[in-house]
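Pull up the model in your viewer and keep the sequence panel open beside it. We'll wander through a backbone oddity or two and then settle in at the ligand.

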Amino acid sequence: MNLIDRLNKTAAVIREYYSKTPEVGIVLGSGLGNFKAHMQVECEIPYEDIPHFPVSTVEGHSGTLIFGTMGGKTVVCMAGRFHFYEGYSPTDVAFPVRVLKWLGIKTLLLSNAAGGMHEDFKVGDLMIIRDHISLFQQNPLVGPNENQLGPRFPDMSEPYSKEIIARAKAIADAKGIAVHEGVYAGVTGPTFETRAEYKMLHILGADAVGMSTVQEVIVARHMGLPVFAISVITDLGIREELNVITHQEVLEAAAAAEPKMTAILMGLIEQL
Ligand code: HPA
C-alpha cells in the first residue's frame, strides 16, 4: 500500500474514534507524559489499535494518541513517540506526524529530553530549538517523493517557526520562566555520547543533543507544517567530573522540569 493510501486508511480509522478536527498536534518527550492532566480529554486511542502505526518492539504500551481540548483549541497529543534506536526506519518514526497532518493539524509542537553542551546550561533548564543538525544517516524523506505531501527537495532554512519562537519567549518571560534558545543535534542513540562526542557536537555548533525530533520535524516541514520544539536539559555532556549518564536521571530531570515546559506549551496553544 502506498504512503497516501496508508495515510487515508489510518486517518479514516482514527476518525471513527474521534470525528473533530484537531488544530494543534503535540508530541511529548521522555518523562514529559503529564501533559494530559491539563487537557480536557475526549478520546484516547492506544497506538496498537491504529493501523500502520509502527508496531511496538518493547513490552507493554507503545503509547497513546490523546484527543481533547486545551485553551479553547482542539488538540491531539502523542503520548509516546517512536525512535530510530528502537529499530524503526526513519520513515516509520515520522509516520505518526504525517497522520496528524492528515487529520488536519495546523501547527506541530514537539518536546524532548536532551543532553546539554552549552556551558551556561544546567540540568532542568529549557531550550527552545532554533535549528538542528541531523546526524541520522538516513533522512526520512529518502524514497519516492509523494508530491501530494511536499516537494522533492524541501527548504530547511527555517525548520522552527521564528514567529512561534517569539511567542514562546514572550510567554516564558510573562510567566517568569527562564529559557535558552539553541541548536539541537539529532543522533541515533541508544548510547549516550562519549566525552569526545559531546565535545565534537558542541564544536560543530550544537547546544544540546538527543535521539528524537529531527525526523519528525523534517516530515512536518516537507508538508509545510509550522513547527515549534523545546528540549528539557536532563544531563550535562561536558563536565570535568565523572560523567555517567543514566536513563533514570534523564526521566527524573524531565519530570521535574515538566511544569515549566507545560506552561509554555499551554500558553502557545491558547495563542495559536
Ligand atoms: N544524549 C543523547 N540523548 C539524550 C541525552 C544525551 O545526553 N539526554 C537525553 N537524551
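Where is the place of H52? H52 sits in the loop between β2 and β3 (64–70). Keep in mind that this is a predicted model. H52 is worth a click on the backbone: its phi is positive, about 70°, although the residue is not a glycine.

For another backbone detail, hop over to the peptide bond joining G189 and P190, which is cis, with omega at about 0°. P190 also belongs to a loop, this one between β7 (179–186) and α4 (195–203).

Now for the charges. Side chains of opposite charge can pair when their charged atoms come close. Here the structure holds seven salt bridges. One of them links K20 with E42, and the closest N and O atoms of that pair are 3.0 Å apart. K20 lies in the loop between α1 (3–17) and β1 (24–28) while E42 lies in strand β2 (residues 40–46), so the pair ties together parts that are 22 residues apart in sequence.

On to the ligand. Which residues surround the ligand? Going along the chain, you'll meet A113, A114 and G115, then F192, E193 and Y198, then V209, G210 and M211, and finally T234, D235 and V250. By type, this shell divides into seven nonpolar residues, three polar ones and two charged ones.

Three side chains deserve a zoom for their polar atoms. In E193, a polar side-chain atom lies 2.6 Å from a nitrogen atom of the ligand. The side chain of Y198 has an N or O atom 2.6 Å from an oxygen atom of the ligand. D235 also places a polar side-chain atom 2.6 Å from a ligand oxygen. As for coverage, the ligand taken alone exposes 260 Å², and the protein buries 95% of that.

How does this map onto the pockets and the fold? The space that the ligand takes is the second largest pocket. Two or more residues of the surrounding shell come from each of β5 (107–116), β8 (208–210) and β9 (227–236). Which element gives the largest share of the shell? That is β5, with three residues.

Conventions:
Residues numbered from 1 in each chain as written. Predicted model: local features only at pLDDT ≥ 70, side-chain atom pairs only at ≥ 80, totals over all residues. Heavy atoms only, no water. Near = heavy atom within 4 Å. Polar contact = N/O pair within 3.5 Å; in protein donor to acceptor, adjacent residues only side chain to side chain. Areas by Shrake-Rupley, 256 points an atom, 1.4 Å probe, with all protein chains shown as cover. 1 Å grid on protein atoms, 1.4 Å probe; cavity = no way out; pocket = protein on both sides within 12 Å on 5 of 7 lines; lining within 4 Å. Sits in = over half its atoms within 2 Å of the grid points. Helix = DSSP H or I, 4+ residues; strand = E, 2+ residues; numbered from the N terminus. Nonpolar A, V, L, I, M, F, W, Y, C, P; charged D, E, K, R; others polar. Salt bridge = Lys/Arg side-chain N within 4 Å of Asp/Glu carboxyl O.
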